[in-house]
Amino acid sequence: MGTALREVRRLAERTPPSRERFIDLLRAVSIVAVVLGHWLATVVGYDEHGELIGRSALPDLPWAQPLTWLVQVMPVFFIVGGYANAVSLAAARRRGGTATEWLIKRSGRLIPPTTALVLVLGGGALAAGLFDAGPARVRMVVWLASIPLWFLVVYLIVVALTPPMYALHCRYGLTVPAVLAGLVAVGDAARLLGHDFWGDGNFLFGWLAIHQMGFAWRDGLLPARPRVAVPLVAAGIGGLLLLTLPGPYPVSLINVPGERLHNMSPPSLALLAVATAQLGVALLLRDRAERWLRRTRRWTAVVAVNSVIMTILLWHISAAILLTAALHVADVLPTPEAGSAAWLAWRVPLLIMCSTVLAVLVAIFGPIEVRGAQRSRRLPIPIPIPAGLARTASRPVFRLWLTMAGLAGAACALLVNSLWPSAAPTVSGMPAFALITYLASAAALRLLRSIPPDGLAHRVNQRSTYSTGPYR
């Protein structure tokens, strides 16, 4: 732990003046908000058979649904992702790197912490089976713990499409997100008419549109000036009011079970409206936040959270499951009715205990993410492989195709796991072919990260550190 803290302080101290620290703060705030939101808005209780069950509290809290306009912060993460990906991709190309090598390095930040979760969940499911745990029950627990992986499915696809989408941005600017927003509107119309299948494209179009906003911020098309920020806030809030009050969209920006239309999955025009307002607010706060983050302790805290940001996101549901299971076994699990005074009062100790469990999990698994980040700044660390395979894996065309296959395979495997029925019995807690596909894809990307491309040994290493500027 001491070594990790020293590394965090070192990174914070080496941060160049040119770094946009506000981006890192927004990333940290958005993920922490997601974690807190999941913990706060969940109801845990027992069914008629005495089995533990969990569900969203929002159907029982209609008064809380307008509050989702403030706490729905996933658009902020994708805006920040667009900004950061644009910075790091442009920096890599200035150093002579390629889009393929950039994607391989990005996989080193996203895949290793995810693989740790997948292996622990799979191994835990197999171990539970040895103790005669019901396969359907085990599958339910694994499905719940893997809920954060839906985010990674979308983000892996968005990252894989960053090079071509950034090229489109450089040529067409704000026309690109405008066209994507138009496609979202078409998908919404299809959903409103009862053709949900044709609205599924919004999973891609919606998040890409928000990601493109980050490109525009980074490149100065949407500068941090009141003359830009205020109209964005006004347009976003105005659009949201029109779409949700007289319009056909639900008020809640977080999915509510039983609603005919959802704003989050897939993204709707209402979510794009709130993303527009959030971008405007970010632009208004940017200068003040940058000054605030010049204080060493504040910036060090932001660096610390960002160094394990994936670990926090991936394990926060597992932390809640472990806590609930421990309280259940000890026969001290409170189950007050959602919205009651007792339920609201229970939120405070619940947050404290969930945070404690998550801190332990981050201490255990966070070093995997930290080591992955450190390796991405260095020359590849070789692993023992046949010379012929090494030569093949260093060739640009092979690396391009294997990179895309690895990212696509990982995303598809995680998507299958998310869509697979939550109570369908499985030996490993996940569909076997999805687990095998994911692990094979992760191994392929690990192979690429261990073998330098042709000529890399003769070039300056492409870095992505706090000391040289580009972002995660």
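**Notebook: a buried glycine, a hairpin and a greasy patch**

I started at Gly199, which is buried, with a relative accessible area of 0%. This is a predicted model, so I checked confidence next. Mean pLDDT for the chain comes out at 89, with 93% of residues at 70 or more. The stretch I'd leave alone is residues 457–472, where pLDDT stays under 50; the model still gives that stretch 62 contacts beyond four places in sequence.

Back to Gly199. I placed it in the loop between helix H9 (175–192) and helix H10 (202–218). Which residues does Gly199 contact, leaving aside neighbours within four places in sequence? I found Gly187, Ala190, Arg191 and Pro266. I also looked up Val184, 15 residues away along the chain from Gly199: their C-alpha atoms are 7.8 Å apart.

Next, the hairpin. Strands S1 (residues 42–46) and S2 (residues 52–56) run antiparallel and are joined by 5 bridges. I picked out one pairing: Gly45 has Ile53 in S2 as its bridge partner. Between the two strands sit 5 residues, and Gly50 in this hairpin has a positive phi near 80°.

Last, the surface. I noted a nonpolar patch made of Trp63, Leu67, Leu70, Val71, Ile254 and Leu344, with about 600 Å² of accessible area together. I followed up on Val71, which belongs to helix H3 (residues 68–71). Is Val71 buried, partly exposed or exposed? Its relative accessibility is 48%, so I logged Val71 as partly exposed; the cut-off for exposed is over 50%. That value still lets Val71 into the patch, because patch residues need over 30% relative accessible area.

Terms used: Residues numbered from 1 in each chain as written. Predicted model: local features only at pLDDT ≥ 70, side-chain atom pairs only at ≥ 80, totals over all residues. Heavy atoms only, no water. Patch = residues over 30% accessible without salt bridge, like charges linked within 9 Å, V, L, I, M, F, W, Y side chains within 5 Å. Areas by Shrake-Rupley, 256 points an atom, 1.4 Å probe, with all protein chains shown as cover. Salt bridge = Lys/Arg side-chain N within 4 Å of Asp/Glu carboxyl O. Helix = DSSP H or I, 4+ residues; strand = E, 2+ residues; numbered from the N terminus. Buried < 20%, exposed > 50% of the residue type's maximum accessible area, 1.4 Å probe, protein only. pLDDT = per-residue confidence, 0-100. Contact = heavy atoms within 4.5 Å. Pairing = 2+ DSSP bridges.
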